[in-house]
Amino acid sequence: MTVDPNAATQSWPSPEPGRRSGPARYLIPALVAAAVAVALGAYGKVHDPTGTAFNLAGFSSTGAVKSWLATVAFFFAIVQLVSALMLYGKLPGPSWSATLHRWSGRVAFLVAVPVAVHCLYALGFQSYESRVLWHSVLGCFFFGVFSAKMLLLRSERLPGWLLPIVGGLVFTALTILWLTSALWFFRTFGVTT
């Protein structure tokens, strides 16, 4: 069974005559995405890093906590990708694929938030090497494009290509974030807790 990803989630009044219903309606999500990304980057750049923000009992370091939380978020992002392919009929899937997609996205986001808070508060926006610069830029980009995706989900009559593109950007950003942080940590310090 496939679910129409463009089906309205709530009823909105029809656009008034003369009101823009074309590409201009995508301007607000794009501006919000840019504002979120720039605000996070600016905060990370001007904030004086503390070196640590949190640690959980049972973990040897904040780097290990962040790496494992990022790995959990990345796992649920993969579930997001697979369930999205089921929703679009590219893979066979159960009738509860839409529920799986929504909940795996929620879990991925909730697990990614403490990682981002730690990165911004404890480390700030860094650029001393290319891996760290890419990580900083893509961390800001991830939360910006995620914000845009959440706003676009409430829009009616989206072009069929838009959500897969925006969702793909979210997934790609999170993948590169994981590669430049958790995978780097595990390869450099070993798979530790």
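# Cysteines, a salt bridge and a pocket in a helical model

A search of the whole predicted model finds 0 disulfides.

User: How do you know that C119 is in no disulfide with C140?

Analyst: A disulfide needs two cysteine sulfur atoms within 2.5 Å. The sulfur of C119 has its closest cysteine sulfur in C140, 9.9 Å away, so the two are too far apart for a bond. Seen from C140, the nearest cysteine sulfur is that of C119, and C140 is likewise in no disulfide.

User: Is C119 called buried or exposed, and why?

Analyst: Buried means under 20% relative accessible area. C119 has 15%, and is therefore buried.

User: What about C140, buried or exposed?

Analyst: C140 has a relative accessibility of 8%, so C140 counts as buried too. Over the whole protein of 193 residues, 36% count as buried.

User: What makes the contact of R131 and E129 a salt bridge?

Analyst: The cut-off is 4 Å between a side-chain nitrogen of Lys or Arg and a carboxyl oxygen of Asp or Glu. The side chains of R131 and E129 meet at 3.3 Å, N to O, and the pair therefore falls within the limit. The structure holds 1 salt bridge.

User: Why is E129 given an exposure class of its own, neither buried nor exposed?

Analyst: The class in between runs from the 20% limit for buried to the 50% limit for exposed. E129 has a relative accessible area of 35%, so E129 is partly exposed.

User: How do you know that the span of α2 agrees with its number of residues?

Analyst: The 26 residues of α2 should span 38 Å at 1.5 Å a residue, and the end C-alpha atoms are 37 Å apart, so the two values agree. Just after α2, G89 takes a positive phi of about 75 degrees.

User: Which secondary structure does the protein have besides α2?

Analyst: The count is 5 helices and 0 strands. From the N terminus on, the order is α-α-α-α-α.

User: Which residues lie closest to the centre of the second largest pocket, and how much space does this pocket hold?

Analyst: The space in the second largest pocket is about 750 Å³. Of its 36 lining residues, K66, C119, L123, H135 and S181 are the closest to the centre. The elements giving two or more residues to this lining are α2 (62–87), α3 (97–123), α4 (130–152) and α5 (162–189). The largest share, 9 residues, comes from α5.

User: What is the make-up of the lining of the second largest pocket, by residue class?

Analyst: The lining divides into 22 nonpolar, 12 polar and 2 charged residues. Cys counts as nonpolar and Lys as charged, so C119 belongs with the nonpolar residues and K66 with the charged ones.

Definitions and conventions: Residues numbered from 1 in each chain as written. Predicted model: local features only at pLDDT ≥ 70, side-chain atom pairs only at ≥ 80, totals over all residues. Heavy atoms only, no water. 1 Å grid on protein atoms, 1.4 Å probe; cavity = no way out; pocket = protein on both sides within 12 Å on 5 of 7 lines; lining within 4 Å. Points joined across faces, edges and corners; volume = space filled by probe spheres on them. Helix = DSSP H or I, 4+ residues; strand = E, 2+ residues; numbered from the N terminus. Buried < 20%, exposed > 50% of the residue type's maximum accessible area, 1.4 Å probe, protein only. Expected span 1.5 Å × (residues − 1).
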